[in-house]
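Me: I would like a close look at how charged side chains pair in this model, with the cut-offs stated as you go. Please start from the total and then work through individual pairs.
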Amino acid sequence: MQATDIANKEEGKLWHRKPAPGKGILVTVVRSGQHSKTVRFLHVAFDSTGDSFLAGDQHGNIYIFDISRNRFRLVQKTGQACTALAFNLRRTTEFLVALADYSIKCFDKDTKQMVSWMRGHEGAVSSISVHSSGRYAISTSSDTAQLWDLDTFHRERKLNIRQSVGIQKVFFLPHSNTILSCFCDDSIFAWESDTLSCKYQLPVPEQGPRVSYKAFAVTHDGKSLAAGGRSNLLHLWCLDSGQLVRVVQMPPKVRTVRQLEFLPDSLDGGASQTLGVLSQDGVMRFINVHTCKLLFHVGSHDEAITTASVSPNGRHVAAVVDNGSINVYSVQSLTQEVNKPPAPQVAVVSCREAHPDSSGVRVKVGSEKVQRVAKSASGQTQTKVPRTPMRSLAEDKENELPAGLNKRRLVALLKAFGEYPAKYRMFVWRSLLCLPENHAAYSSLTEKGLHAAFLTLHDRYPIKSHKLQRGLQRILSALAHWAAIFGEADYLPLVAFPFVKLFQNNPLLCFEVVATVIVNWCQHWFEYFPNPPMNVLSLAENVLAHHDKELLQHLVDCGITSQLYVWPLLETLFSEVLTRDEWLRLFDNVFSNHPCFLLMACVAYVTCCRAPLLLLSQKQDFEYFFHHRNNLDMGAMLKEAYRLMDTTPADVHPRYTLSDFTPLTKGQYPIFNHYPQLIVEYQSQEREKIRQQEMEYLRERQAVLELRADCVRREASEEAYYAQQELLQQAEEQRRHILAQEEEKLTQQRTKLAAMKRELKVKEVQLLDASRRRFLHHQQNLRASQIQRLDGEIARKMDLREREMAAAVQDLEIRQMELEAQRKMLEQQLLKEQDRVGREVQEEVEVRMRRAERDEEESRGQIHGTETNLQAVEESLAEACQLGLDTHWEREVAERLEQVDAEQERKRERLAALQRETLVQEDRLVNTLRDMEGRKWDEVVSARAQLQQQQQQQQLPLSSADTADQKPVRPKPQCSTRELPVRPGGVSSVHTVTTSAASAFHSSKNASTAPRLTESHMVCLNSQSPTDTSSTNFPLDRGRARLDSGQGELIRAIRELRQKLARAKAREGGSASSQSAQSLSPVSQ
């Protein structure tokens, strides 16, 4: 069993794996909502084909499930729960839904639009019954039943009853205009739907317990009614006689019958024998109403069924389970009892050497006579079984049919009774025609849709039943897709119509029966297309000429050809001239004999009607005769046909012209190409051109109609526009008149308001003047208090500023002293380092000089021992050695001097960094003082401006302020730092060492090399001279000079700031100037 959760999907597959054959449940459909809650389905309803069904859930969603195509689709969201569904309307895309608000809505499943909305019920609608034509519908509630016209969606009639008697159900009988109404008091009435006159009433059973009918079901032919209720008894009524024919008692487990459904079968001719009974335990039991045998059941106590629907073709059952899901059952898989062949009518009891342990009897189906049972001398029962001739074995194999039937025996039975039993006729025909039932091939043909040649079939052949019309259209379209000739043959609908009407619930069998008839009994019909089959008609004419020359001569004399007396019978297959029962009897014999039997039947019909035909002479009379029913003995006609089959000579017998019966192949249908393909293709092309022209004409016509409607709409809009403009003009004039009156009133009111405003203005001015004077007085008092407060604040801030400036100056002086002390310490360290380096260099020079002298003495000793010719060479070598030593010594001295220079450079950089930090701090102090001066100056200026307004005395002369400004600010004594202090001892010692070294060096050298060496040593030692020391200390003196200049600038800036403050205080005059002069005097000191 497969379970499909459709959740919130709007479309998808019904199952993802094809159900295995033999499974009872094809699929279980579940819909889960939010938070894993199951949304319950409430009702289901099949369409007229039985291949798809509708289902509505508790949220108002309507789904369509197509079993044949394995698809489902959400077609509507109603927003409220449904109480009943109907899906077998005349327009196959529409369906009816009864909702919880007691209304009925009609929707279209393709466009998903609402077609109509029907109101009128005051209670919930429990059922909707649709007429077989699909035009009318009856909706039933507990208090009323209403008849609706589905073309106009208007209510035609309403059934009102007394409140004491409620309505159980009102519904149409199948294929009938009769309406059955069932009431709560078990009374059942039949009404004529056209006149609503009561046809009959079923008597209420007086004997036995009361059933209290709740559920009803009618067979497909509308002849039997099953009713059940609050008991385990079922009443079967015959609606033709109006009598209760049978009472069926269900098992004790069944206490209440909730629903009844007949299971249709294609072999029973609409007289359904299988009845589904849904009881209170949720199990639906299917029983045979004639044998009262339980065939199968669906549902269980765990999965109780609440409601179910059976498809019209009897293949599927859709049941809504108690948990809210839908189970779709396959009837073919549930039981094998429904489609079993009929039971044998002749049985031969045979007993062969019975074993002691076996006493069973074997039943054999046969057509032989039943042999009498004889007893032997020993008392055992023996049976004489006739031997079967060997020559008949081959014939039996040829006559063997599917499902265990034998054609020879069926023919013998047919000749004995004249026809097959109506109950088993469809089954016998399926066996005789050997139908392959190619479901896949037929589905591939139907999936191609309606053929273009049969889109307007209802115009040529109007049929009252829309279901029959659609079935005929589908069968003809499938035939046209199978072979192109069938889309061009005009008489094909006449050939197929009787079979479509007979097999309307099983389109596959209908198609295969029609195809088999065309392949076998319509041989050579299409060779002369589009003309009638002259070769076939000539065969019938030859048979008639052989058996009744007088009649043929009369027909020839009247100008009547075989196209008038044979072809009308063939192209309609006798459906126009025979009744239903006669036609069925005829084709019982046609299907049981050679294909030429149909032609013999045509000739037999003509010869049996010999007398009235000889009296006719007009062509119109002949045409009417062969297109309408006539008084005819069907038995005599069949005997005549068999006589013609037996007595016709071989040279004119159609048997030798027509082929034997050939069934359709299994899997795929055979190719049919026995027709002139060029003509058919030409006609199809011409028809396609005509269709295209018609479509173009319709499009142009539609465009013209739209243009005309547009013109009419524009004219109407223009007229409405002009009428509206006139109304607007009239309204505008009225508004102008009203506005003029209102303006006059406004002018008078404005005059009054102006006078009142003037009075108010005068009062306002007086009040403003008084308030202004009071405010000015208040402002003067407030300003005086503010001035006093500002004076105190200014004095306090000036005092604070002076103290801050004095502290800053003291900090600056202390910092300057610290910097000076640090500079002196660095200079002393630098001089000490220079002395130490000079002493090291002097010691190194003395060591090298002593080593050189020692080497020179050794070389001199060696020079005296050498020869005279090598003296010059040795002198040159000694000189080169001395030069190398001098070079090495000079390089070491240079490296030492570079190290000393680098150390001095690092110290200078440290001094420069300290100097930069000092400058930055000085700049920061200057900026701070400037900001303080600016703020103070702004405060002083603002205070002075306020004081000048109130001060009545004249400003004092600025002489006292000038005198205060001329007091010199005593600068801090600066020490001259242009040259660093040099210790005499250090410098002189260096100079002495250098001089002594030079003299020693000069004394040790000879005359030739001494000047050069002395020069080189003097050049190297000049870096340690006093002049070099002063040059080395030059950057330090320059930094000190910059520090002195920065300090002077800072002092000048402080002096200027003090002068500005003094001038500001002097300008204040009076007491303020004297106080500022007294405060500035200690600062200047």
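How many salt bridges does the count come to?

Reply: This is a predicted model, in which local features need pLDDT of at least 70, side-chain atom pairs count only at pLDDT 80 or more, and totals for chains, interfaces and linings use all residues. Residues are numbered from 1 along each chain as its sequence is written, and side-chain values use heavy atoms, with hydrogens and water left out.

The count comes to 36 salt bridges, where a salt bridge is a side-chain nitrogen of Lys or Arg within 4 Å of a carboxyl oxygen of Asp or Glu. One of them joins Glu437 to Arg430, with the closest N and O atoms 2.6 Å apart. In this pair Glu437 is partly exposed at 28% relative accessibility, and Arg430 is likewise partly exposed, at 22% (buried means under 20% relative accessible area, exposed over 50% and partly exposed in between, using a 1.4 Å probe and protein chains only).

Helix α19 (residues 677-865) supplies further examples; helices here are DSSP runs of H or I with at least four residues, strands are runs of E with at least two, and both are numbered from the N terminus. Glu732 and Arg736 form a salt bridge at 2.9 Å, N to O, and because they are 4 residues apart in helix α19, about one helical turn separates them. Of these two, Glu732 is partly exposed, with a relative accessible area of 37%, whereas Arg736 is exposed at 55%.

Arg848 and Glu892 also meet in a salt bridge, 1.8 Å from N to O, and this pair links distant parts of the chain, since Arg848 is in helix α19 and Glu892, 44 residues away, is in helix α20 (residues 871-950). Arg848 is buried, at 15% relative accessibility, while Glu892 is partly exposed at 26%. Elsewhere, salt bridges that share partners connect Arg90, Arg91, Glu94, Arg135, Asp149 and Asp151 in one network.

Arg801, also placed in helix α19, makes a useful contrast. Arg801 is buried yet has no salt bridge, and the nearest side chain of opposite charge, that of Glu804, is 4.5 Å away; for this purpose Lys and Arg count as positive and Asp and Glu as negative, while His and the chain ends are not counted. Once its neighbours within four places in sequence are left aside, Arg801 is in contact (heavy atoms within 4.5 Å) with Met932, Glu933 and Lys936.

Charged ends can also be described relative to aromatic rings. The charged end of Lys105 sits over the ring of Trp117, 4.3 Å from the ring centre, where sitting over a ring requires NZ of Lys or CZ of Arg to be within 6 Å of the ring centre and within 35 degrees of the ring normal. By that criterion the charged end of Lys169 sits over the ring of Phe171, 5.3 Å from its centre.

Strand β16 (residues 167-172) is mostly covered, with 5 of its 6 residues buried. β16 pairs with strand β17 (residues 178-183) in the antiparallel sense over 5 bridges, pairing being assigned if DSSP finds at least two bridges between two strands. Val170 stands opposite Ser181 in β17, and the two strands form a hairpin with 5 residues between them, where His175 in the turn has a positive phi of about 55°.
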